[in-house]
Amino acid sequence: MEDQSELAPAVRSILSAARDRAAEGRSGEVAVDPRGLRAAFDRAEADGRVPVIAEVKPTSPTTEGTREDDPVALAEGMVAGGAAALSVLTEPEHFGGSTDTLERVREAVDVPVLRKDFVVAESQLDAVESDVVLLIARFVGDDLPDLLAAARDRGFQVLVEVHDRDELERALDAGATTIGVNNRDLAELVVDLGTFESVAPHAPDDVTLIAESGIGSPADVRRMRAAGADALLVGSAIMDGDVTANTRELVRAEADAEASDPAETDAADAERTETTEHTT
């Protein structure tokens with residue numbers, strides 16, 4: 001298990017709350033018939049869309065305020081904008097999520113739904129059915145292989161989140177086939193898209209790679225895709241404003257760039273990159 005002194009206070013609080021919820025226990029083991037995540041990505045690609053997992057995130061420790069809209073309406077808007085899949089927060093204390101919200105969203109849409117939470121014990125897997133569950137390598141430590149197996153036994157697809165090359169190797173050794181590289185550092189909560197760029201080249205070609213955090217513009221989308229991202233997980237940039245329009249802008253980032261003047265696109269990307277480097 002990661003030394004908690006190396007984690008930001010907000011992250012330590014999230015982890016502590018996750019352990020408290022794990023101790024509550026669950027009755028009964030879920031059995032899931034999942035919607036295929038990789039197939040959803042392939043359909044998006046065939047349709048000329050960048051595969052985006054759009055996140056229903058009412059609030060978080062790194063954002064200001066809370067979005068009070070009906071999460072089902074938000075989810076439907078994201079799908080209308082072209083999202084290949086959805087992520088729904090079920091962590092209640094720091095992100096305003098709930099298992100009830102996930103159930104409602106999954107019933108309302110026909111795309112795969114990822115349960116975004118901080119699972120640290122097998123009992124937490126039985127809290128709710130979803131198509132995909134998240135396991136954060138740094139949080140679960142040596143328990144990763146057992147939790148990965150337990151999740152698959154229930155029918156879940158599993159997204160294993162890593163932050164560096166060492167965690168990538170641990171995820172691969174555990175048998176992970178879908179890996180998310182989080183650009184947000186867990187010590188200072190600083191976002192650096194270079195994190196994905198440094199980790200991605202070391203993943204095997206048959207692993208599905210998802211870039212997470214810090215993707216806020218079409219330029220960021222193209223940058224992560226150029227670095228090897230099969231898909232992108234985007235929360236705040238979609239939740240801030242019209243979720244349908246925001247999703248559409250990101251999923252069309254490559255198609256719109258191909259349709260425009262390449263020199264203009266390169267110049268705009270360079271300007272956005274310079275601005276981002278000065279503000280993160």
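These legends describe close-up views of a predicted model. Local features need pLDDT of at least 70 and side-chain atom pairs pLDDT 80 or more, whereas totals for chains, interfaces and linings use all residues. Residues are numbered from 1 along each chain as its sequence is written, and side-chain values use heavy atoms, with hydrogens and water left out.

**View 1. Arg106 pairs with Glu129 and Asp131 in salt bridges.** A salt bridge here is a side-chain nitrogen of Lys or Arg within 4 Å of a carboxyl oxygen of Asp or Glu. Glu129 and Arg106 approach to 3.9 Å between their closest N and O atoms. Glu129 lies in the loop between strand 3 (113-116) and strand 4 (132-136), and Arg106 in helix 5 (residues 99-108), so this pair ties together parts 23 residues apart in sequence. Helices (H or I, at least four residues) and strands (E, at least two) are DSSP runs, numbered from the N terminus. For Asp131 and Arg106, the closest N and O atoms are 2.8 Å apart. Asp131 lies in the loop between strand 3 and strand 4, so its pairing with Arg106 in helix 5 ties together parts 25 residues apart in sequence. Burial is graded by relative accessible area: buried is under 20%, exposed over 50%, partly exposed in between (1.4 Å probe, protein chains only). Arg106 is buried at 14%. Asp131 is buried at 0%. Glu129 is partly exposed at 37%.

**View 2. Arg223 and Glu197 form a salt bridge between two helices.** The N to O distance is 2.9 Å. Arg223 sits in helix 10 (residues 218-226) and Glu197 in helix 9 (residues 194-199), 26 residues apart. Both side chains belong to partly exposed residues: Arg223 has a relative accessible area of 26%, and Glu197 has 29%. Elsewhere, salt bridges that share partners join Glu29, Glu122, Asp126 and Arg154 into one network. The whole structure holds 17 salt bridges.

**View 3. Helix 10 is largely enclosed by the rest of the structure.** Of its 9 residues, 7 are buried. They are Pro218, Ala219, Asp220, Val221, Arg222, Met224 and Arg225. Gly228 follows the helix and has a positive phi, near 115°.

**View 4. Strand 4 is buried and pairs with strands 3 and 5.** 5 of the 5 residues of strand 4 are buried, so the strand is largely enclosed by the rest of the structure. Val132, Leu134 and Ile136 point one way; Val133 and Leu135 point the other way. Strands count as paired if DSSP finds at least two bridges between them. Strand 3 pairs with strand 4 in the parallel sense over 2 bridges. Leu114 has Val132 as its bridge partner in strand 4. Strand 4 also pairs in the parallel sense with strand 5 (residues 157-162), over 5 bridges. Here Ile136 has Glu161 as its bridge partner.

**View 5. Glu161 in strand 5 is buried yet has no salt bridge.** The nearest side chain of opposite charge is Lys116, 5.4 Å away (Lys and Arg count as positive, Asp and Glu as negative; His and the chain ends are not counted). The Glu161 side chain makes a polar contact with the side chain of Asn182 at 3.1 Å. A polar contact is a pair of N or O atoms within 3.5 Å; within protein, one must be able to donate a hydrogen and the other to accept it, and residues adjacent in sequence count only if both atoms are side-chain atoms. Leaving aside neighbours within four places in sequence, Glu161 is in contact (heavy atoms within 4.5 Å) with residues including Leu134, Ile136, Glu167 and Glu212.
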